[in-house]
Amino acid sequence: MVPLYGREVELRIVSGMIDGVCRGHGASLSVVGEPGIGKSSLLDAGEAIARNRGVDVRRISADEILADHPLGVLAALLGVDTSPHQEDQRVTPARTVPPIAGGTASPPQAVVDRIVASLDTSPPRPEVLIIDDAQWCDRWTLVVLRRLLRVASSIGKLFIVAARPSSLADFGHDARSALLFDEHIDLGPLDTSAVTQMAEHLAGARLGPRFRSMLGRAGGHPLYIAEIVRHAGPRTVTTEVGVDIADESIPSSLVRTVRDRCRSLGQESAEVLSLCALLGDRFPFSDAVAATGRGEEQLHADLRALDQAGFLSVDGEDVSFRHSLYREVEYETIPPSVRRSAHLRIAEAIGEGNPVAALRHRALAASEHDEPMARAIADFSELHGIRHPEASADLAGLARDLTTNGDLRERLTELRAEALVHIGRVDEAALLLEQTLAEGAAHLYCEFLLATAHFLQARHVEASQRLESLLDRRLDAEFRSRVAAGLAMARLATGSPDVEEAARDAIAVSDADAEAAAWGRVCLGRALAYRHDYNGALRETATAVEVAESSQDLLGHRCAPWFFHGITLLDLDRHSEVADAVVAGRRISDRVGTEYAVPLFDALSASLAYRQGRTDTAYVDAMAGVDVAEDLGALQGVVWCLALAALAELDRGELTAAAKLLDRSDQHSASGQALLGIDFQFIARSRLLEEQGCADDARRMLKDAWGLFEALGIHNCLPLMATARTRAELRAGEPSEAAEVVETIEQAAAASSAPGIVLIGRWCRALVDHDVGCLEELGIECKRLHRISDVVDLELDLIRLLVVSDPTTATASLDSLEEGFPRFHGRWTHLREVVGTSSKECRTSGQIDLGRLTRSEALVVELVAAGHTNGEVAAERGVSIRTVETQLYRVFQKLGVTNRAQLVRAALLAEG
């Protein structure tokens, strides 16, 4: 059985609804998707979850045979006999249900009553009822199912119904017939990462770049992925990077599978589909009207039918193939001579309304060697490529095949690569540039573009090295400013200690280049934030935004200044402004077309949501960023997003899911040496280790990470880890290490204007001093700043201090915390066990045993009980204050007390 890949969000919805039915809350869920998209696999996973939690499951798959029997599917699912009973005739001798539209025979009313009664009278236990392939349900089954869905919550059952698109929402002729579900899952294609994982599982090996490229033709469709891998067979070769494929042609079996689906349409729909294949993977409805010559109303009906059949997606004016494979197979069935004449006819038909598309069709109709057409496309891409980057990338690729002129091909390569980078198809751009450079005839600009692609792929060291090499060459002023700005950004990403110097150098040489100036300002701002100068950082990032706004065609926004401005605002706890920065950044990315920046804004949005305690939103935003980043190959922010998603899973107590996310994060950070978000990765991994019972490993990880960031001079990452590391050091009996953490954070707080760092400094000090009152005050302050995630951690720290000294209060506090913050229950799984154990020990012992102390520790207790300060105790015993603090910490741990007052009381009680 193939594991379920790429369905984490969907599986989380199913799991949550099963949790609900375990608590007695019935509900209903629809799962919709085209054939082979993975509906049954998701149901299999949901069934396994339910059975593992002790929930009964009944499941059936409808088929064409049951479709001819009224109520056949429901009767089979519920085990109800649909044959006439004698008592039915006695009670209702001639009573049948009125017929419904569609010609379906009407069942006796008594049969309907028995089906409904089978659930009304069933034992009140959690149960999941699953109907797969519901498109084959008879219409009476859907009518009765509608009634059952309305009462699902009252009978404590979870109904899950899976079907193909449009088969559930539109089965009746009036709106009252529609099935109403509590939740809906629309299964779309798998993202690139899930495609690769699934394919490598099926192939049993790591896949090379050509193999991965061919998998893109499957459009994320699991059935087609399996077909491509299954028929790779003798066409594979073993390389250094894994199993690759020598022949990239589509497997004939897959072509037959897709073609058979296409031919299952009526002749008229098949003709429309062929015309759509000529128009491209995506096209406006107006182009289809011009190309087909059909009336708008008729064409809309034709396209709607193709949409319902799963071939096209029609969204207003925008029409696209659901999978490029459908378009490719259909396109190849058209003879080349027919294709060329059709493209010329389409170009003439749409020329005035869509000149860019018309140029593409003329290029597709061109002869094998048409240098004038190639030059025309190059001129178009240079003039209009920024406004039409997708068209520019496509056209430049077509034009390269129309000429053998070396200089022109190099020019077209640069134009295509630049457009691909701009729209975020980074892996494709990098492969094109690497091949061009390997041929040995590339311009310096190709090297710069490749460095940019490497940066976006999170291959920061390679990007830095390539840019440093470029700066050693003779460059004109404008190009040098671009390279210098890129180098500053690459050094920022690798944590190089000379980021500030590189940023100032970039700004100094960017007089006439607003884009380079924006990059330099962003880098300088983050360099200042590294050393806690957040006001200075805010000034620089705000300037970067202003400079970007003034740049030609807004290209200064290619460095995503709104993102870096938002990070700085988050450092300063200016949450509403962070949200505004995310909105502004996403809007400008849509306008400029810089899709590679989208994951950065998803990471920032997820960070804000997580801090504010909105863990579900944080998870959704983070995984959206992961999907886009991995799909494009633009991996900036992917480590950050994966770590935030893992933290959200840990809060839910889903350790396995969190571990998988962190393993993906580890792969990205190791291969690209990415630092953006790696502080969150360390936090998430250390929390996972603690939950797995590896507290020592967690402590070592935090300590190593702390040392790494100090060595790199990235001091703004330390506050995020400070409280976790302080707890870890105290648990390990290393108060001196904890004290060093406190000293570092207090120094940062003194130099910083960020309220959060001041708060964290006080928090760490309160942990070391066992200061309950201070922790309570900080909880109030965190609520004011809306740092809800920190509120929860502060409450947990208070409970840990109360566990031994006042277990009854600790238990009550934990109960209250669980009631107030149910989404964080994964944070106190082990603490609940500790609280229970402590309460039991308190009930059985009733007294603190001073005999557990060493002679030296007992002397310290005696002096403290007499009222001496730590300094006086140290002077009396001839040791350092730090030694006294260490001994007192061990005493607190052994006796289960949390402050000096409790220690004195314990000592007096022990004396009698």
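**View 1. Helix H1 lies across four strands in this predicted model.** The helix covers residues 8-22 and crosses E1, E3, E4 and E5. Relative to E1, helix H1 runs at about 160°. Helix H2, residues 39-52, lies across E1, E2, E3, E4 and E5. Its angle to E2 is about 160°.

**View 2. Five strands form an open sheet with parallel pairing.** The strand order is E2-E3-E4-E1-E5. E2 and E5 (183-186) are the edge strands, and each pairs on one side only. From one strand to the next, the twist averages 15°.

**View 3. Strand E3 is mostly covered.** E3 spans residues 127-132, and 6 of its 6 residues are buried. Burial applies to both faces of the strand. One side carries Glu127, Leu129 and Ile131. The other side carries Val128, Ile130 and Asp132.

**View 4. Strand E3 pairs with E2 and with E4.** The pairing with E2 (residues 56-61) is parallel and comprises 6 bridges. Within this pairing, Ser61 stands opposite Asp132 of E3; Asp132 is also among the buried residues of that strand. Towards E4 (residues 157-163), E3 is joined by 5 bridges, again in the parallel sense. Here Leu129 stands opposite Phe159 in E4. Leu129 is buried and shares its side of E3 with Glu127 and Ile131.

**View 5. Strand E1 runs parallel to E4.** E1 consists of residues 27-32 and is joined to E4 by 6 bridges. The bridge partner of Val31 is Ala162 in E4. In the sheet order, E4 stands between E3 and E1. Helices H1 and H2 both lie across E1 and E4.

**View 6. Arg339 in helix H16 is buried and has no salt bridge.** Helix H16 covers residues 336-350. The nearest side chain of opposite charge to Arg339 belongs to Glu332, 4.2 Å away. A salt bridge requires a side-chain nitrogen of Lys or Arg within 4 Å of a carboxyl oxygen of Asp or Glu, so the 4.2 Å separation between Arg339 and Glu332 does not count as one. Glu332 is nevertheless in contact with Arg339. Leaving aside neighbours within four places in sequence, the other contacts of Arg339 are Leu278, Tyr331 and Ile334.

Methods: Residues numbered from 1 in each chain as written. Predicted model: local features only at pLDDT ≥ 70, side-chain atom pairs only at ≥ 80, totals over all residues. Heavy atoms only, no water. Buried < 20%, exposed > 50% of the residue type's maximum accessible area, 1.4 Å probe, protein only. Helix = DSSP H or I, 4+ residues; strand = E, 2+ residues; numbered from the N terminus. Pairing = 2+ DSSP bridges. Axes fitted to C-alpha atoms, helices over the stretch in contact; angles between N-to-C directions. Contact = heavy atoms within 4.5 Å. Lys, Arg positive; Asp, Glu negative; His and termini not counted.
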